[in-house]
Amino acid sequence: QYRVAAHLCAESGFDGIEPHGAHGFILNQFFSPADNRRKDTYGGSLENRMRLGLEIVTACRESMGKDHLLLYRHTPVQEGSYTMQDSLAFARELEAAGVDILDISPASDKAPADRAAPFMRLGVPVIAVNRMDEEARAVEALREKRADLIAVGRGLIADPRWSQKVLTGRSRDIVRCVRCDKLCFGNLPRGLPVACTQWQKITGVGSHRRQRHLPG
């Protein structure tokens, strides 16, 4: 299914794809010894727990060819389960299997992109995640070379012009994500279009009336 999905995305004109191996989703569960209790070749040793992610990456790369980006999202540390060293070993194998960019999520509470920084010594670009819509955190992560790229998710749903406003010195005009998760994550499992409670601050129209279109 991953192979087919990658092929369809490539044919549809997407620049690339990103299997989600972080935040307790299924690929992360296979990597985590706290979750993965299998006794076969997909469980037990680090080599076995890496296997499914690497097989999926290999299948996606073969399906898309070399002209499309292949990312992989990974949570670098899980307390009581796996360590940063485990994740660095996995990252080296992901790179060898054809991953172009590592998406490391999240940071700790100590500093933006602190958990992405160790991956910078590998051979592929690194994305940092976690409250990067707070532009001071994004700037610090890039300035201190803890990451090559930063990812903004909900902040861009709240204000699609976030990046333009940051670049042009209009940060005070940004409509901020309040992390309520009501109409973004909240709508997804209900099969509804992603929306935002803050859109009314841009449009002056209640967000429930704007669910099918991002604000212009």
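Where is Pro 106 found in relation to strand 4 and strand 5? In this predicted model, Pro 106 belongs to the loop that runs between these two strands. The residue is also part of an unusual backbone feature, since the bond between Ser 105 and Pro 106 is a cis peptide bond, with an omega of about 0°. Most peptide bonds are trans, and most residues other than glycine have a negative phi.

Two non-glycine residues depart from the second of these tendencies. The phi of His 23 is positive, near 60°, and His 23 sits in the loop between strand 2 (20-21) and helix 2. His 23 counts as partly exposed because its relative accessibility is 41%, a value between the limits of 20% for buried and 50% for exposed. Lys 145 likewise has a positive phi, near 55°. Lys 145 is placed in the loop between helix 5 and strand 6 (149-150). With a relative accessible area of 63%, Lys 145 is exposed, because the threshold for that class is over 50%. A positive phi is also present in a glycine: Gly 65, just after helix 3, has a phi of about 85°.

Helix 3 itself covers residues 46-64, 19 residues in total. From the first C-alpha to the last, helix 3 reaches 27 Å, close to the 27 Å expected at 1.5 Å a residue. A bend of about 35° is nevertheless present in helix 3, at Leu 52.

Helix 3 also figures in the nonpolar interior. In soluble globular proteins, nonpolar side chains tend to be buried together. Here the largest nonpolar core holds 39 residues, and the members that touch the most others are Leu 94, Leu 102 and Phe 119. At least two residues of this core come from each of helix 1 (2-11), helix 2 (26-31), helix 3, strand 3, helix 4 (84-97), strand 4 (101-104), strand 5 (126-128) and helix 5 (135-143). Helix 3 provides the largest share, with seven residues.

Several partly exposed positions were also examined. The loop between helix 2 and helix 3 contains Ala 34 and Thr 41. Ala 34 is classed as partly exposed because its relative accessibility is 36%, and Thr 41 falls in that class with a relative accessible area of 45%. Between Ala 34 and Leu 94, which are 60 residues apart in sequence, the C-alpha to C-alpha distance is 21 Å. For Thr 41 and Asp 100, 59 residues apart along the chain, the C-alpha separation is 26 Å. In helix 1, His 7 is partly exposed, with a relative accessible area of 35%. The C-alpha atom of His 7 lies 37 Å from that of Val 175, and these residues are 168 positions apart along the chain.

Open and enclosed spaces were considered next. The largest pocket contains about 810 Å³ of space. Its lining comprises 27 residues, and those closest to its centre are Arg 73, Val 129, Gly 153, Arg 154 and Phe 185. By class, this pocket lining consists of 14 nonpolar, six polar and seven charged residues. Strand 3 (69-74) and helix 6 (154-158) each contribute at least two residues to the lining of the largest pocket. Helix 6 gives the most, with three residues. Strand 3 is thus an element that supplies at least two residues to the pocket lining and at least two to the largest nonpolar core.

Across the whole structure, the search for cavities of 30 Å³ or more finds one. The volume of the largest cavity is about 90 Å³. Lining this cavity are 15 residues, and Cys 177, Cys 180, Asp 181, Cys 184 and Cys 196 lie nearest its centre. The lining of the largest cavity is made up of nine nonpolar, two polar and four charged residues.

How values were computed:
Residues numbered from 1 in each chain as written. Predicted model: local features only at pLDDT ≥ 70, side-chain atom pairs only at ≥ 80, totals over all residues. Heavy atoms only, no water. 1 Å grid on protein atoms, 1.4 Å probe; cavity = no way out; pocket = protein on both sides within 12 Å on 5 of 7 lines; lining within 4 Å. Points joined across faces, edges and corners; volume = space filled by probe spheres on them. Nonpolar A, V, L, I, M, F, W, Y, C, P; charged D, E, K, R; others polar. Helix = DSSP H or I, 4+ residues; strand = E, 2+ residues; numbered from the N terminus. Expected span 1.5 Å × (residues − 1). Bend = angle between axes of the 7 residues up to and from the residue. Core = buried A, V, L, I, M, F, W, Y, C linked by side-chain atoms within 4.5 Å. Buried < 20%, exposed > 50% of the residue type's maximum accessible area, 1.4 Å probe, protein only.
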